[in-house]
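User: Please take me through this model at the bench level. I want short answers, each ending on a name or a value.

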Amino acid sequence: MEDWLKVAVCYWHSFNWPGTDIFGGGTLNRPWLGATVTQAMADAKLDAAFDFFARLGVRYFCFHDVDAMATAATLKEHDQNLRKIEAGIAAKMAATGVKLLWGTANLFSHPRYAGGAATSPDPEVYAWAAAQVRCCLEATHRLGGENYVLWGGREGYDSLLNTDLKRELDHYGRFLSMVVEHKHRIGFKGTILIEPKPFEPTKHQYDHDVAAVFAFLQRYDLTKEVKVNIEVNHATLAGLDFEHEIAAARAFGIFGSIDINRGDPRNGWDTDQFPNNAQELVPSMLQLVEDQGFVTGGFNFDAKLRRQSVDPVDLYLAHIGGIDTLARALLAAVDVAADGGLARLKRERYQGWDDELGLRIAGGALTLAALADLATERGFDPVPRSGRQELAESMIARHSKY
Ligand code: XUL
Ligand code: CO
């Protein structure tokens with residue numbers, strides 16, 4: 001279970017977010033936070049984070065560069081400060097055995113990125129982003145990170161009236177190619193992952209969903225190099241089911257990792273809540289069972305506490321509840337797989353495609369005209385057959401007993 005679930009705590013929401021929202025300031029006690037973060041504050045945050053990881057007993061964490069390091073004004077300082085905290089992180093990892101699921105550069109918080117990073121209209125901003133990614137990718141590599149994530153924080157637009165979409169996509173494609181080329185140059189063996197999200201903060205994010213990301217990767221010839229990190233809440237914001245995004249990524253051969261935080265069914269924004277409904281996750285977990293676990297990915301809790309969860313124990317309760325939910329979903333999914341009923345239902349539904357006619361069509365042996373003639377000559381009169389959806393749904397419900 002531990003190997004298949006590969007649970008990671010995220011540094012930023014758990015230790016770098018004070019509980020602010022658009023209407024109010026921080027509610028959580030995070031004494032190491034401030035407008036300017038000194039090295040001492042960054043170190044105190046690091047102590048608190050690894051103390052938490054170790055007590056909780058998780059094996060992985062994820063971090064953004066600027067959320068872990070001391071504030072930097074210049075790129076030179078950025079490099080130095082990231083190296084300082086990297087040394088601290090490396091020491092903590094060695095002492096606790098906690099590993100790095102992925103690192104990522106924050107290319108969205110600083111005002112310079114208001115117009116995007118790799119899609120900025122200003123090439124100097126683009127260059128800043130490239131420098132940040134180089135530093136963070138190299139740090140992730142040295143820390144033994146298993147993946148490197150790019151969430152296109154502000155890669156999109158608020159208005160097409162001032163946006164050259166084609167140009168921005170070309171710049172973004174070039175950026176990603178440079179990242180991939182650098183990965184190989186330094187010998188990083190982890191997976192490069194893009195995290196799809198349809199909107200927020202921009203009105204339209206280019207990495208809208210798995211299908212849009214795949215089209216983008218095809219266009220810039222990157223389908224062999226880049227996979228996706230799928231977030232539950234981002235899927236639902238796109239109007240898609242989480243399990244759909246996983247199925248699409250697996251179909252395209254680009255499934256990588258998961259951010260397991262969910263949204264609220266009645267809110268249209270990214271509430272980043274801890275998962276607590278195991279049954280809802282079973283159709284996704286079942287796909288993980290079919291794959292026998294992740295290749296390099298895992299489950300990152302990219303989740304925030306609620307603003308009123310002000311006690312230290314709340315951070316533990318949130319993660320423990322989330323991990324239990326994943327474990328329950330996995331147990332149920334394994335039972336669904338072992339039962340075999342659902343797989344049989346699917347197999348029987350497509351039976352015709354394993355017979356002579358289906359094999360000839362799918363194998364490309366027939367033209368449209370040949371197929372039309374064959375259907376006419378043989379006098380096909382297919383009888384409607386049940387899709388057995390209710391039965392399939394009750395199989396999931398019946399096994400969700402943990
Ligand atoms: C934002 C989001 C990010 C990425 C990492 O919605 O999910 O935190 O996971 O940058
Ligand atoms: Co995320």
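User: How many salt bridges does the structure hold?
Analyst: This is a predicted model, in which local features need pLDDT of at least 70, side-chain atom pairs count only at pLDDT 80 or more, and totals for chains, interfaces and linings use all residues. Residues are numbered from 1 along each chain as its sequence is written, chains are lettered from A and ligands numbered from 1 in the order in which they are written, and side-chain values use heavy atoms, with hydrogens and water left out. A salt bridge here is a side-chain nitrogen of Lys or Arg within 4 Å of a carboxyl oxygen of Asp or Glu. The number of salt bridges in the structure is 19.

User: Which residue forms a salt bridge with R185?
Analyst: R185 is exposed, at 61% relative accessible area (buried means under 20%, exposed over 50%, partly exposed in between; 1.4 Å probe, protein chains only). Its partner is partly exposed, at 38%. The two are 4 residues apart in helix 7 (residues 165–186), so about one helical turn separates them. With the closest N and O atoms 2.6 Å apart, the partner of R185 is E181.

User: Which residue meets both R360 and R378 in salt bridges?
Analyst: R360 and its partner lie 4 residues apart in helix 14 (residues 356–362), about one turn of the helix; their N to O distance is 3.2 Å. The contact with R378 is 3.4 Å, N to O. That pair links distant parts of the chain, 22 residues apart, with R378 in helix 15 (residues 368–378). The shared residue is E356.

User: Is E356 buried, partly exposed or exposed?
Analyst: Its two arginine partners are a useful reference. R360 is at 32% relative accessibility and counts as partly exposed. R378 is partly exposed too, at 43%. With a relative accessible area of 44%, E356 is partly exposed.

User: Why is strand 9 described as largely enclosed?
Analyst: Strand 9 covers residues 255–259. Helices (H or I, at least four residues) and strands (E, at least two) are DSSP runs, numbered from the N terminus. Strand 9 is largely enclosed by the rest of the structure because its buried residues number 5 of the 5.

User: In what sense does strand 9 pair with strand 8 and strand 10?
Analyst: Two strands pair if DSSP finds at least two bridges between them. Strand 8 (residues 226–231) shares 4 bridges with strand 9, and V228 has F255 as a bridge partner. Strand 10 (residues 299–301) shares 2 bridges with strand 9, with I258 partnered by F299. The sense of both pairings is parallel.

User: Which helix completes the β-α-β unit of strand 9 and strand 10?
Analyst: The unit is right-handed: with the strands pointing away from the viewer, the path from the first strand over the helix to the second runs clockwise. The helix spans residues 278–290. It is helix 11.

User: Which residues coordinate the cobalt ion (ligand 2)?
Analyst: Donors are N, O and S atoms within 2.8 Å of the metal (3.2 Å for Na, K and Ca); water is not among the atoms, so sites may look incomplete. Here the donors sit at 1.9 to 2.1 Å. Along the chain they follow the spacing E-x35-E-x27-D-x42-D. The residues are E195, E231, D259 and D302.

User: What is the arrangement of the donor atoms around the cobalt ion (ligand 2)?
Analyst: There are 6 donor atoms, subtending angles of 80 to 173 degrees. Six count as octahedral if opposite donors are over 155 degrees apart and all others between 65 and 115. The arrangement is therefore octahedral.

Note on methods
Four donors count as tetrahedral if all angles lie between 85 and 135 degrees; four count as square planar and six as octahedral if opposite donors are over 155 degrees apart and all others between 65 and 115; anything else is irregular.
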